[in-house]
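Trainee: I have a model open and would like to understand the words people use for it. Could you take me through the reasoning?

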Amino acid sequence: RRLLWRLPNLRRRLPSGLEIRVESPSDWVIYNDIFVDGEYDEVIRAVLSDAPSDRPLTVLDLGANVGYFILRFADSMLRRGATDFRLIAVEPSPRLVQELKRRILAQPALADRVEIVHGLAGKRKGSDRLFESPLHFEHSTTPRHGLRAVPVPYVDLDLLAADWPQIDLLKCDIEGAELEMLQTYAGTLLPKVRRAVVELHHTRCDTSICGEILATAGFGDERVLREAHGCSIVLV
């Protein structure tokens, strides 16, 4: 980690022409998860295998962080010559929202295809405190001693995706708030979702109830893509 802090910003040009930056040890961890280990590659391949032909492919990314999932997904699309896609990225951290705008919206291939929304996913309205960790992928509404808390409003996901008849992929990595989100949108948003990949945090919420909600909403064919450190990534 000390070595990484001494390095200049690392940049990589992806095959599609998109640019990716690694600017901190936190970035380095997520970069390896998504681009080296291919954490979401199976999900992306599945979505692209039956992409709709009569409308844009739609993705709702909850917990977008600095946008590495967006870049991995968009790179896969553009390399196939598929340009008809729309993505809404929801991120609660004010600082990371600015990073998303700098890293994603500044790229011409993405500026008209990605919408970045600042807010929490869970309740439909109100606000909560976001506890910001030195490792930005650990920001959470779960209280942690010694961490700075910032107030963040909730966003209504139904309103965000109101113009989409279907959501081809829901990606959810919201550090323990997944149960609240699933409970809130079980009867409205979830029926529109074709596939969902959810990071379940077993020490922060009752993930067995998350599974029950997904099953009741009609999701099946559950696959665990990764399991470690008290959480698992599940594709349904």
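Mentor: Gladly! Let's begin with a yardstick: the globule rule is 2.2 Å times the number of residues to the power 0.38, and the radius of gyration is taken over C-alpha atoms. Keep in mind that this is a predicted model.

Trainee: How do you know that the chain agrees with a compact globule?

Mentor: For 236 residues the rule gives a radius of gyration near 18 Å, and the chain has 17 Å, so the two agree. The C-alpha trace spans about 50 × 50 × 30 Å along its principal axes.

Trainee: What share of the residues counts as buried?

Mentor: The cut-off is under 20% relative accessible area, and 53% of the 236 residues count as buried. As for the surface, the chain exposes about 11100 Å², with 49% of that coming from carbon and sulfur atoms.

Trainee: Now the largest pocket: why is it called a pocket and not a cavity?

Mentor: A pocket is an open set of points, whereas in a cavity the probe cannot get out, so the word "pocket" marks an open space. The volume of the largest pocket is about 780 Å³.

Trainee: What makes up its lining?

Mentor: The largest pocket has 43 lining residues, and Phe137, Asp173, Glu175, Glu199 and His201 lie nearest its centre. Helix 2 gives the most, with four residues. Other elements that each supply at least two include helix 4 (68-79) and strand 9 (196-201).

Trainee: How do the lining residues divide by character?

Mentor: There are 20 nonpolar, 12 polar and 11 charged residues in the lining of the largest pocket, with Gly counted as polar.

How values were computed
Residues are numbered from 1 along each chain as its sequence is written. This is a predicted model: local features need pLDDT of at least 70, side-chain atom pairs count only at pLDDT 80 or more; totals for chains, interfaces and linings use all residues. Side-chain values use heavy atoms; hydrogens and water are left out. On a 1 Å grid over the protein atoms alone, a cavity is a set of points where a 1.4 Å probe fits but cannot get out, and a pocket is an open set with protein on both sides within 12 Å along at least five of seven lines; lining residues have an atom within 4 Å of a point. Grid points are joined across faces, edges and corners, and a volume is the space filled by probe spheres set on the points. Buried means under 20% relative accessible area, exposed over 50%, partly exposed in between (1.4 Å probe, protein chains only). Accessible areas come from the Shrake-Rupley method with a 1.4 Å probe; for residues, only the protein chains shown count as cover.
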